[in-house]
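Q: Please take a close look at one part of this model, the packing of its helices. Then follow the description outward to whatever else can be said about the fold.

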Amino acid sequence: MALASMTGFARADAGDARYRWSWEVKSVNGRSLDLRIRLAAGFDQFEPVIRRVAQDRLRRGHVSVQLAMVVHARGTRLRLDPDVADGLGEVIADLQRRFPKAKAPRIDGLLRVPGLIQAVEHEESEAARATREHAMTDSLIVAFDRLVAARAQEGAALARLIDEHIGAICGLIADARATAAAQPEVIRNRLDELIHSLLHDRAGLSEDRIIQEAAVLAAKADIREELDRLDAHVAQARALCADDEPVGRQLDFLAQEFNREANTLCSKSSDTTLTRIGLALKTRIDQLREQIQNVE
């Protein structure tokens with residue numbers, strides 16, 4: 001079975017000479033593709049990239065994407081403030097004139113002058129930024145590909161559970177078909193008794209009304225049509241599970257159809273064995289639908 005789950009988590013870490021970054025992507029069940037994006041300050045330009053990458057790989061699920069950035073090398077350099085240095089030079093020259101016997105100031109003393117030395121952020125080139133953005137996009141794609149792989153792995157486990165439930169449903173359908181209530185002879189005898197009862201106790205009913213009542217009773221007594229539709233639903237469910245396309249919505253709708261037929265089967269049942277099988281069938285269908293809620 002080629003099913004994919006909507007539940008998964010993935011992470012991709014990378015970096016360059018200036019930054020380290022981390023993409024985290026996680027997804028849970030959702031009726032459609034819903035993206036929630038949290039980006040580090042100054043990297044909002046990645047939002048359309050994220051949406052494009054996600055839409056190329058996913059069809060359904062609440063998907064959270066988070067980018068964390070750490071600066072590990074700011075690219076700063078030190079420089080002498082020319083204005084402060086010129087002013088300091090003038091002060092030193094004036095002091096030497098006033099105090100010719102004083103020792104010349106030491107460099108380590110001059111470095112304590114506030115503002116003389118400045119830390120200047122290194123201007124990054126457009127080429128360097130473009131290279132980083134390209135690397136960040138590559139690691140984003142890696143994170144999403146890992147998420148797809150995680151969802152596929154979870155989907156394989158779901159496929160086994162779903163196949164088990166479908167197999168159990170198929171067995172219960174066979175059990176229902178084998179009950180006395182589903183046998184043509186039993187159905188015929190029951191109809192004969194019901195029609196005889198109507199004819200005996202007509203209570204002013206016209207012949208057309210009796211025919212209508214007999215038709216209703218005939219439809220209610222015969223469960224073979226429901227069993228045939230359940231067999232058809234089993235075949236369709238197995239075909240969907242083998243499809244390579246996302247089939248979660250189709251399977252969810254099919255589970256509702258399964259439940260509708262099981263309800264009808266139980267309402268028609270006048271046999272305790274058939275009722276017991278119908279209730280077991282409803283239980284299995286509920287379990288099947290619970291697993292289907294996770295399928296993309």
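A: In this predicted model, helix H4 meets helix H9 through a set of residues that includes, on the H4 side, Leu-158, Leu-161, Ile-162, Ile-166, Ile-169, Leu-172 and Ile-173. Among their counterparts in H9 are Leu-274, Ile-277, Leu-281, Ile-285, Leu-288 and Ile-292. Charged side chains also take part, including Glu-164 and Asp-175 from H4 and Arg-284 from H9. Sorted by class, this contact comprises 16 nonpolar, 3 polar and 3 charged residues.

As for geometry, H4 (residues 126-178) and H9 (residues 272-292) have axes 9 Å apart, at an angle of about 165°. Angles over 145 degrees count as roughly antiparallel, so H4 is roughly antiparallel to H9. Their crossing is left-handed.

H4 also has a sheet as a partner, and that sheet needs a description before the contact does. The sheet is open, with 4 strands in the order E1-E2-E4-E3 and mixed pairing. Its edges are E1 (8-15) and E3 (33-38), each of which pairs on one side only. From one strand to the next the twist averages 15°. E3 and E4 (residues 61-71) run parallel and are joined by 6 bridges. Within this pair, Asp-34 stands opposite His-62 in E4, and Leu-33 stands opposite Gly-61 in E4.

Two helices can then be placed on the sheet. Helix H1 (residues 47-57) packs on it, touching E2 (19-28), E3 and E4, and the direction of H1 makes about 145° with that of E3. H4 packs on the sheet as well, where it touches E1, E2 and E4, with its direction at about 30° to that of E2. H1 has a further role in the chain path: E3, H1 and E4 form a β-α-β unit that is left-handed.

Another helix pair can be read in the manner of H4 and H9. The axes of H7 (residues 224-241) and H8 (residues 248-268) come within 10 Å and cross at roughly 160°; H7 and H8 are therefore roughly antiparallel to each other. This crossing is left-handed. Residues of H7 in the contact include Leu-227, Leu-230, Val-234 and Leu-240, as well as Glu-226 and Arg-229. From H8, the contact includes Leu-251, Leu-254, Phe-258 and Leu-265, along with Glu-257, Glu-261 and Lys-268. By class, the H7 contact with H8 has 10 nonpolar, 4 polar and 5 charged residues.

Note on methods:
Residues are numbered from 1 along each chain as its sequence is written. This is a predicted model: local features need pLDDT of at least 70, side-chain atom pairs count only at pLDDT 80 or more; totals for chains, interfaces and linings use all residues. Side-chain values use heavy atoms; hydrogens and water are left out. Axes are lines fitted to C-alpha atoms, for helices over the stretch in contact, and angles run from 0 to 180 degrees between N-to-C directions. Helices (H or I, at least four residues) and strands (E, at least two) are DSSP runs, numbered from the N terminus. Angles under 35 degrees count as roughly parallel, over 145 as roughly antiparallel, 65 to 115 as roughly perpendicular and the rest as oblique. A crossing is left-handed if the near helix is turned anticlockwise from the far one by less than a right angle, and right-handed if clockwise. Contact means heavy atoms within 4.5 Å. Ala, Val, Leu, Ile, Met, Phe, Trp, Tyr, Cys and Pro count as nonpolar, Asp, Glu, Lys and Arg as charged, and the others, Gly among them, as polar. Two strands pair if DSSP finds at least two bridges between them. A crossover is right-handed if, with the strands pointing away from the viewer, the path from the first strand over the helix to the second runs clockwise.
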